[in-house]
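Student: Could you take me through one part of this model closely? I would like to look at the surroundings of the ligand.

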Amino acid sequence: MHIIRKCEWALADRLVTPEPIFVNRRQLLAGAGFLGLGAGLGRLRPAVAASATGSSPYPAPRNPAYADAGRPVTPEALNTTYNNFYEFSTNKRIFELAEQLKTRPWDIAIDGAVEKPFTIGFEDLLAKVKLEERVYRHRCVEAWSMVVPWTGFPLKDLVALAKPLSSAKYVRMETFLNPEMAPGQQPSFLGGSMPWPYVEGVTMAEAANDLAFMVTGAYAKPVAKSMGAPIRLHLPWKYGFKSIKSIVKVSFVKERPVGFWEQLQGSEYGFWANVNPQVPHPRWSQATERVLGTDERIPTQLYNGYGAQVASLYSRLDGEKLWM
Ligand SMILES: Nc1nc2c(c(=O)[nH]1)N[C@H]1C(S)=C(S)[C@@H](COP(=O)(O)O)O[C@H]1N2
Ligand SMILES: [Mo]
């Protein structure tokens, strides 16, 4: 694991940032009335609050092992309005469009190599798990990062509920598919060029790692639609695109799943996608990252700083492209 020296964190912002990121950030700052003064933000809040039910499980107790991410939490108003959610649009300002996401009712299908496939409603699933809060760092492959107080439960608890057979080698997850609700999901016969629905996957060993977290909340309330309501994954040691949003299907499979980004651009995005500052993206450096909120540029850490918990997962995978 990388130990970060103080002076490196203070490095001036002179290292490479892909141009689109600069442009997007400038648009955000100019357009949003920085940190929540814009009209759109006012409209977002009631919707988030309204999605809480009668007996709210929020706030959930904070897991002391993940109480501190070593950096300040990203302001909520920024986090819910600067998103990657291509189902709605390829730009970062999808939070108003994402309000069209209908999260009730919400069923999740569990299938593939399991004792008995089943479908469970989101509320019923919530009743079967123990929620906790964890503060995690998130590193997008585009070289920006954030810190989020998630609420959720370990992915391994979902695996236990699913009762997979020993033939299961991977967990494959899928996002909803509904082009009427999500205008970015144009089918190819209408000119769309993306392989919907969004798919991601992990090995059974990765799914069993304590860090792998199913997210149902953030900032001590149900997770915002823009951030992947009602249920998403977060894998803090991998690039952000692995952390699939708004999940409707969890399949236990024998073959390695091909993710949305791998299908779209296999030369740039692969299955493992573990964070590594020394392995550049084909089009930009991954050495540093821009902190959402402050725009400070800091060094990126191997496995996003979570190597102590996950490096052993990869110790015997020499031939694999672990970093993309
Ligand atoms: N279904 C779906 N999941 C997704 C994405 C997406 O476009 N669609 N974007 C990914 C990427 S690239 C990142 S960085 C994170 C962003 O999560 P956030 O918007 O909550 O910050 O979600 C990931 N999960
Ligand atoms: Mo990302």
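Tutor: Happy to; here is a walk around ligand 1, with a few words on conventions along the way.

This is a predicted model, in which local features need pLDDT of at least 70 and side-chain atom pairs count only at pLDDT 80 or more, while totals for chains, interfaces and linings use all residues. Residues are numbered from 1 along each chain as its sequence is written, chains are lettered from A and ligands numbered from 1 in the order in which they are written, and side-chain values use heavy atoms, with hydrogens and water left out.

Around ligand 1 there are 18 residues, counted when one of their heavy atoms lies within 4 Å of the molecule. Tyr86, Glu87, Arg232, Ser243 and Lys245 are the closest of them. By class, this shell holds nine nonpolar, six polar and three charged residues; Ala, Val, Leu, Ile, Met, Phe, Trp, Tyr, Cys and Pro count as nonpolar, Asp, Glu, Lys and Arg as charged, and the others, Gly among them, as polar.

Now for the polar contacts, meaning pairs of N or O atoms within 3.5 Å. Lys245 places a polar side-chain atom 2.6 Å from an oxygen atom of ligand 1, and Arg232 has a polar side-chain atom 2.7 Å from an oxygen atom of the ligand. Ser243 instead uses its backbone: an N or O atom there lies 2.9 Å from a nitrogen atom of ligand 1. Taken alone, the ligand exposes 530 Å², and the protein buries 98% of that, with areas from the Shrake-Rupley method and a 1.4 Å probe.

Definitions and conventions:
Polar contact = N/O pair within 3.5 Å; in protein donor to acceptor, adjacent residues only side chain to side chain.
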